[in-house]
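Let's take a friendly walk through a protein model, beginning with one small detail and then stepping back to see the whole chain.

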Amino acid sequence: HPCDPGPTDREDFPHLTASMAAGGITTGFMMPFNNPVVSDVKTYQFTQDCYTGRAYVDYALHGGAIATNLEDADDLWRKTGATGMKMFMCFSTDDCPFLDDD
């Protein structure tokens, strides 16, 4: 879960993927909870552009369905290369508001 782009005090994308390579991991699936959250086609492309040329292993990028941006979730899934859609059904962070059951 690198927060890259965003506050990289925990870990950035190049260091994460270098650590994966050193440990024998050849592919990583990145979570969408960066800054900005990958919750629509525009933020997916922005994050993809930030990762391009900075990885030491293969990677894929998940999209995020959040309560404040549900109308964009279908396009995010269908019009990008997102490999999954992450959703929270309980509190996560203020940037990733959870979905109600309905």
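**Starting from one side chain**

In this predicted model, the side chain of N34 makes a polar contact with the side chain of Y51, at 3.2 Å. Where along the chain should you look for N34? Its place is in the loop between strand 1 (27–30) and helix 2 (41–51).

Is N34 buried or exposed? Its relative accessible area is 4%, and since buried means under 20%, N34 counts as buried. Now see what surrounds it. Leaving aside neighbours within four places in sequence, N34 is in contact with P2, C3, D4, P5, T47 and Y51. So Y51 appears both in this list of contacts and as the partner in the polar contact.

Now step back to the whole chain. The protein chain has 3 helices and 4 strands, and reading along the sequence you meet them in the pattern α-β-α-β-β-α-β. Its radius of gyration is 14 Å, close to the 13 Å that the globule rule gives for 102 residues, so the chain is as compact as a globular protein of that length. Along the principal axes, the C-alpha atoms fill a box of roughly 45 × 25 × 20 Å.

What about the inside and the surface? Of the 102 residues, 38% are buried. The accessible surface comes to about 6000 Å², and 53% of that belongs to carbon and sulfur atoms. Finally, look at the charges: the chain carries 6 positive and 16 negative side chains, and the centres of these two sets lie 5 Å apart.

Terms used: Residues numbered from 1 in each chain as written. Predicted model: local features only at pLDDT ≥ 70, side-chain atom pairs only at ≥ 80, totals over all residues. Heavy atoms only, no water. Helix = DSSP H or I, 4+ residues; strand = E, 2+ residues; numbered from the N terminus. Buried < 20%, exposed > 50% of the residue type's maximum accessible area, 1.4 Å probe, protein only. Polar contact = N/O pair within 3.5 Å; in protein donor to acceptor, adjacent residues only side chain to side chain. Contact = heavy atoms within 4.5 Å. Rg over C-alpha atoms; globule rule 2.2 N^0.38 Å. Areas by Shrake-Rupley, 256 points an atom, 1.4 Å probe, with all protein chains shown as cover. Lys, Arg positive; Asp, Glu negative; His and termini not counted. Charge placed at Lys NZ, Arg CZ, Asp CG, Glu CD.
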